[in-house]
Amino acid sequence: MRVVLVQTGRLRDAAIAELVAEYVKRFRRFGQLTVVEREPKGDTPLWPSSARWKVALDERGRTWDSPAFAKQLQDWTMRHGEVAFLVGAAYGHHAPSLASADATWSLSPLVFPHQVAHLLVAEQCYRAATILAGTGYHHG
């Protein structure tokens, strides 16, 4: 399973970056989780060229519980290969990137600071991988 987590701008909080790095390390048992930080430049979308399926985090997006998200992530990776998740900046998404997304995902009806959302996406991708592998991490 190959997943890319795209952060619009920089993750400036060292504590959050450290936690994200821990989930990236843990994910290695199941595939590759890569984190990239991108700055918007004009009308060029922020998606990596390797991404075959693009999911923007958006409060109006679809919601799943963790087991359903695991199945959805498995479906996306089986159908398309590498999946990229885009977390917007403090004031939202870069419009060309949001417009070119294949899907949108809402973590919750609540709105989170972009750095917290970044961490939650990393953790949920790891959780999804453990659910699919049948490990004991998820106690749902």
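Which helix does Ala99 lie in? Ala99 lies in helix H3, residues 95-99. The legends below walk through a predicted model.

**View 1. Ala99 in helix H3 is exposed.**
Ala99 has a relative accessible area of 67%. The cut-off for exposed is over 50%, so Ala99 counts as exposed. Glu59 is 40 residues away from Ala99 in sequence. In space, the two C-alpha atoms are 15 Å apart.

**View 2. Five strands form an open sheet.**
The sheet has 5 strands. Their order is S2-S1-S4-S3-S5. The pairing is parallel. At the edges are S2 (32-38) and S5, and each of these pairs on one side only. From one strand to the next, the twist averages 30°. Helix H1 (residues 14-27) packs on the sheet. H1 touches S1 and S2. The direction of H1 makes about 145° with that of S2.

**View 3. Strand S1 pairs with strand S4.**
S1 covers residues 2-8. It runs parallel to S4, and 5 bridges join the two strands. Take Val6 as an example: its bridge partner in S4 is Leu86.

**View 4. Strand S3 pairs with S4 and with S5.**
S3 spans residues 53-62. Is S3 largely enclosed or largely open? Of its 10 residues, 7 are buried, so S3 is largely enclosed by the rest of the structure. S4 (residues 83-87) runs parallel to S3, with 4 bridges between them. Trp53 has Val83 as its bridge partner in S4. S5 (residues 103-105) also runs parallel to S3, and 4 bridges join this pair. Here Arg62 has Trp105 as its bridge partner in S5. One general point helps when looking at side chains. In a regular strand they alternate between the two faces of the sheet.

**View 5. Asp58 is a buried residue of strand S3.**
Asp58 lies in S3. Its relative accessibility is 12%. Buried means under 20%, so Asp58 counts as buried. Which residues does Asp58 touch, leaving aside those up to four places away in sequence? They are His93, Leu98, Thr104, Trp105 and Ser106. Trp105 appears in the previous view too, as the bridge partner of Arg62.

**View 6. S3, H2 and S4 make a β-α-β unit.**
The unit is right-handed. Helix H2 covers residues 66-80. The two strands of the unit, S3 and S4, run parallel.

**View 7. Helix H2 crosses helix H4.**
Two packed helices are described by the angle between their axes and the distance between the axes. H4 covers residues 114-133. The axes of H2 and H4 come within 8 Å. They cross at roughly 85°. That makes H2 roughly perpendicular to H4. On the H2 side, the contact is made by Ser66, Pro67, Phe69, Ala70, Lys71, Leu73 and Gln74. On the H4 side, it is made by Gln124, Cys125, Arg127, Ala128, Ile131 and Leu132. Which classes of residue make up the contact of H2 with H4? There are 8 nonpolar, 3 polar and 2 charged residues.

**View 8. Val116 in helix H4 is partly exposed.**
Val116 has its place in H4. Its relative accessible area is 29%. That value lies between the cut-offs of 20% and 50%, so Val116 counts as partly exposed. Arg28 is 88 residues from Val116 along the chain. Their C-alpha atoms are separated by 22 Å.

How values were computed. Residues numbered from 1 in each chain as written. Predicted model: local features only at pLDDT ≥ 70, side-chain atom pairs only at ≥ 80, totals over all residues. Heavy atoms only, no water. Buried < 20%, exposed > 50% of the residue type's maximum accessible area, 1.4 Å probe, protein only. Pairing = 2+ DSSP bridges. Right-handed = clockwise from strand over helix to strand, strands pointing away. Axes fitted to C-alpha atoms, helices over the stretch in contact; angles between N-to-C directions. Parallel < 35°, antiparallel > 145°, perpendicular 65-115°, else oblique. Contact = heavy atoms within 4.5 Å. Nonpolar A, V, L, I, M, F, W, Y, C, P; charged D, E, K, R; others polar.
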